[in-house]
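Please open the structure in your viewer and keep the selection panel at hand. The stops below go step by step along one interface, each saying what to select and what is there.

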Amino acid sequence: MKDLHTLTIDEVHAGYRNGDFTCTDLVRHLLNRIEKYNPKLNIFLRLNPEVLDQAARIDREIKEKGINRPLLGIPFAIKDNFLTVGIETTASSNILKGFMPQYESSVTQKLLDAGAIFLGKTNMDSFAHGSSTETSDFGPTLNPWNIEYLPGGSSGGSAAAIAAGLATAALGSETAGSIRQPAAWCGVTGFKPTYGRAGRYGCIAMASSTDSPGPIARSVYDCAKILEVIAGQDKFDATTSPKPTDKYSACSGQGSLAGMKIGLIKEYLLPEMRDDVKKLIYDSADKLSSLGAQVEEVSLMDPKYSIGVYTVIQRSEVSSNLARFDGIRFGHERDRFNDENKRRIMLGTYTLSAGYYDAYYKKALAVRTKIINEFADLYKSYDALIGAVSPGPALKVGASKDQPMFGEMQDMLLEASSVAGLTSASVPCGFVDGLPIGLQITCDQFQEMKALSIAHCFQKNTDFVKFPDLNSL
Amino acid sequence: MKYTPLIGLEVHVELNTLSKMFCSCPADHFGKEPNTQTCPVCLGLPGALPVPNKKAIENCIKIGLSLNCTINKLSKFDRKQYFYPDLSKGYQISQYDQPFCSDGFVVLESGKKIRIERVHQEEDTGKLQHTILNGKKVSLVDFNRSGVPLVEIVSRPDMESSGEAKEYLKKIHGLIRALGVSSADMEKGQMRLEPTVNVKIEDDHGIHYTPLVEIKNINSFNFAVQAIEYEVKRQLDEFSRTAIEKSATNKTTRGYDSVKKTTFLQRTKEEAKDYRYFPEPDIPPFALNDTYIDELRNTLPLLPDQIIAALIAEGVEPKYAKVLCDNKDSYIAYNHNKEKEGIDRAKLASLIANKKIDIGKDIPAQYQKLTQSGITDRQMLEKVVAQILAENPSVVADYKKGKTGVLGFFVGQAMKNTNGQANPQIISKLFLDLLSGS
Amino acid sequence: MHKAHPITSDDVRKIAKLANLSVLPGEVDKLAGQFSETVDVVNELNEIDTTSVPETYQVTNLVNVFRDDVVDPARVLSQQQALSQAKNTHNGFFVVPRVIDSVEDAL
């Protein structure tokens with residue numbers, strides 16, 4: 001039998017049904033692995049103190065009612081910016097050390113209602129301020145493929161949890177790259193839904209106008225199953241869409257890509273990008289072609305402008321969203337913000353301040369319109385746009401130190417689609433130097449089914465989904 | 001030397017919706033135990049998000065409509081950012097450049113128009129209380145009031161006297177209460193006032209304007225009058241000594257001391273506050289169409305000015321019309337009884353307004369007694385009328401020929417017959433009925 | 001067209017104050033340099049012509065989102081819950097050091 005930690009959601013449910021193992025068995029197995037590997041990898045910040053009790057309850061439920069909820073008994077790693085009642089929530093920041101949330105986030109509530117079980121909270125860049133997990137106040141997470149390297153961020157812990165086989169599924173969030181990039185650096189699958197597809201209530205805000213909760217898992221299909229549960233209008237989040245959701249797991253029905261037109265973004269093949277990375281992207285384009293799609297090169301605005309737009313919008317909104325952290329009603333004083341937090345808050349304060357608002361924030365919002373229009377034009381002719389997720393493979397631990405724009409630079413291929421609120425899948429497409437490379441498959445707003453279908457077809461017909469052997473650690 | 005006070009008024013109205021502006025906590029916070037009516041949203045907990053209260057917005061628009069404002073087709077909320085312990089998010093959700101309502105007016109008795117710059121929506125802050133704990137000066141914070149819906153009404157500085165200011169405030173107050181959107185109880189802080197005062201001085205050297213002063217902590221119309229009058233004098237005095245004129249950076253804030261009846265300087269800010277307004281990303285904007293606005297307009301109750309005008313039109317004296325308008329129960333009593341037999345509207349209005357009639361008891365009976373409207377027994381009066389007509393066939397013939405003025409003769413006869421006791425209106429009507437019948 | 005404005009240490013101090021953050025004297029210069037780096041990147045946006053291009057701050061074109069005026073007692077926190085995460089409370093209130101906002105208070 002396969003190792004329990006390598007099972008997909010469906011395989012876990014099959015095992016429960018067949019009586020091969022119980023939820024308690026699976027949870028214990030994962031806890032053992034966490035005990036063994038977490039001290040080195042620093043993936044989980046803390047575990048759910050009630051997890052075994054909850055597993056026992058789930059086992060009773062399975063016995064009595066069978067698998068009657070879509071994610072029943074599926075062990076999740078939850079990024080630490082989601083408020084979870086009963087489990088300390090810190091967003092990897094000292095300012096929230098000891099914070100026990102008084103309410104549950106909408107998305108984790110949906111997961112719980114679907115029967116999921118939470119193993120614990122995963123490490124992240126503090127307040128999601130980064131693309132490395134190195135700005136965490138509790139130490140960086142290490143990349144399970146090579147511990148000299150970073151897992152990416154800000155959902156680095158969640159991505160690494162899947163790569164290391166410490167959870168069956170994971171929840172992350174993306175402001176601009178924070179799901180897709182760590183998924184790519186860790187060689188797993190991440191999915192960013194359209195902005196407003198999943199509710200943000202209870203997810204500690206970074207950039208209010210782009211934050212998108214989303215799944216990270218072992219396969220596109222598993223991501224789709226999770227999306228089915230978390231997508232939908234949230235009455236506590238006025239920015240969620242009333243558009244009906246789909247049965248996203250039907251993405252597995254996509255046999256071929258015949259009739260699909262896919263654009264390979266020229267500008268995302270950066271001049272400084274390594275040739276071996278470029279080759280993987282071209283190979284992926286060829287693969288999609290061989291599956292029936294018509295693949296052509298397309299042109300988008302130079303990604304350097306996306307950096308400017310995203311930096312201003314994000315840091316402005318961050319500066320405002322972190323104003324509530326004053327140590328009065330919860331948390332500690334503001335002097336516990338780390339350097340990266342302070343830099344971002346201050347830059348955001350500056351860009352919104354009198355005399356600079358027009359030049360920076362307003363300007364950024366106007367360029368955003370141009371980016372949105374550019375995508376809209378392309379999507380008239382193309383079903384999806386593809387490119388690399390990241391300029392290169394994972395970077396070494398320490399790479400982000402004293403780099404005031406590290407995060408925004410690393411995410412330059414993802415920022416445009418994020419500020420436009422688009423949906424995108426990040427799937428493994430090969431390795432360089434033993435480190436994974438990810439391909440982004442980006443579709444227009446609310447085209448999750450399309451993105452998942454193309455991604456699933458690609459994944460099914462390639463063999464890039466691999467997991468590191470942790471015995472060398 | 002000639003001087004003219006220039007007074008603008010900012011009025012904050014606490015709406016009486018059931019729930020708060022951006023969450024479903026109860027909005028009725030007065031007298032409740034501290035921090036018992038909060039939720040993640042109004043407490044500003046991490047991850048919480050605002051969802052606007054439809055009724056509150058409609059109430060804001062109604063206020064704007066009743067103040068003759070333009071209702072903006074496109075509007076939005078903005079974040080007004082500053083740090084203060086009673087501001088749980090570190091920003092207040094308010095409206096900056098696209099408020100729900102703009103450019104309205106109110107007309108004073110004199111016919112003078114006071115322009116209203118804007119009517120916008122925002123949320124209230126928590127409450128701070130100062131005390132000493134363990135020998136240290138501290139402030140205690142209660143967030144029950146945090147997030148309660150407020151409407152801010154901003155006038156242009158068109159008022160030129162404390163009297164005009166008071167009249168404006170009374171009009172606004174009456175309007176708010178007539179709309180039913182707030183009890184506007186000033187003692188409970190449901191209507192808060194902030195006058196901004198400066199003085200235009202014309203002398204041999206030209207025209208000068210004294211620096212603007214905003215006065216806070218005023219919770220009654222009379223205090224507003226006193227504060228304004230004191231402030232005008234103070235500014236004239238200061239100008240005569242310093243000749244300092246209004247500039248973009250010398251606006252100050254003063255508090256009002258109701259005991260000393262003076263204003264005092266509050267901490268002057270070294271630099272103007274930078275609120276770093278930007279559009280609230282958590283709340284989509286509003287696009288309102290004419291149909292929706294008209295629907296709201298149609299739900300407006302009769303407003304005080306309209307009520308008074310209608311009363312005057314039906315014969316009530318203006319001074320009594322005002323009294324009836326101000327007192328809902330009296331107005332209802334008047335309306336209920338004005339059509340009744342033997343009742344003269346003007347007289348009824350004056351009796352109710354002067355409290356000669358107890359509206360809790362039988363009003364027609366009291367009316368009769370007070371007006372000595374005499375015999376109202378129809379049967380008896382019918383006999384009298386019939387008798388007089390029978391006795392005066394030639395006058396009846398004259399009436400029929402078109403000499404309707406002879407009605408007076410008939411009424412006079414009936415009054416003589418009943419020793420002046422008959423009710424003249426009833427007699428009149430009976431004659432008319434019979435004359436038109438036969 | 002906005003002219004590039006080098007960020008000075010003075011700017012950093014002002015911004016820190018607005019942002020309610022403390023910055024150590026030793027950090028100010030370093031921060032000024034880092035800011036300038038970031039601002040340089042941002043200033044590249046000036047290369048894009050945005051005349052007559054409206055701003056987008058709501059990417060999914062939603063409008064008129066409201067909720068009904070209804071109280072939901074299930075969402076109201078108890079006093080204990082509301083205060084549970086605060087370091088300083090007293091008799092149901094949150095406690096903060098005295099805020100000075102008037103000349104009187106300062107006395």
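How much area is buried between chain C and chain B, and what share of that area do carbon and sulfur atoms give? In this predicted model, the two chains bury about 4,300 Å² between them, and 60% of that area comes from carbon and sulfur atoms.

Begin by selecting C:Tyr57, C:Arg67 and C:Arg98, which together supply 18% of the area that chain C buries against chain B, more than any other three residues.

Next, widen the selection to every residue in contact across the interface, and you will have 41 residues of chain C and 59 residues of chain B. Between these chains the count of salt bridges is zero, while 22 residue pairs, with both residues at pLDDT 80 or more, are in polar contact across the interface.

Now colour chain C by its helices and strands, and look at helix H1 (9-18), helix H3 (79-83), strand E2 (93-97) and helix H4 (103-106), each of which supplies at least two residues of the side that touches chain B. The largest share of that side, five residues, comes from E2 of chain C. If you colour by residue type instead, the residues of the side of chain C that touches chain B divide into 22 nonpolar, nine polar and ten charged.

For the last stop, select E2 of chain C together with strand E9 of chain B (residues 136-142), and you will find that four bridges join these strands, which run antiparallel. Within this pairing, centre the view on B:Leu140, whose bridge partner in E2 of chain C is C:Val95.

Methods: Residues are numbered from 1 along each chain as its sequence is written. Chains are lettered from A and ligands numbered from 1 in the order in which they are written. This is a predicted model: local features need pLDDT of at least 70, side-chain atom pairs count only at pLDDT 80 or more; totals for chains, interfaces and linings use all residues. Side-chain values use heavy atoms; hydrogens and water are left out. Contact means heavy atoms within 4.5 Å. Buried area is the accessible area (1.4 Å probe) that two parts lose on being put together, summed over both. A salt bridge is a side-chain nitrogen of Lys or Arg within 4 Å of a carboxyl oxygen of Asp or Glu. A polar contact is a pair of N or O atoms within 3.5 Å; within protein, one must be able to donate a hydrogen and the other to accept it, and residues adjacent in sequence count only if both atoms are side-chain atoms. Ala, Val, Leu, Ile, Met, Phe, Trp, Tyr, Cys and Pro count as nonpolar, Asp, Glu, Lys and Arg as charged, and the others, Gly among them, as polar. Two strands pair if DSSP finds at least two bridges between them.
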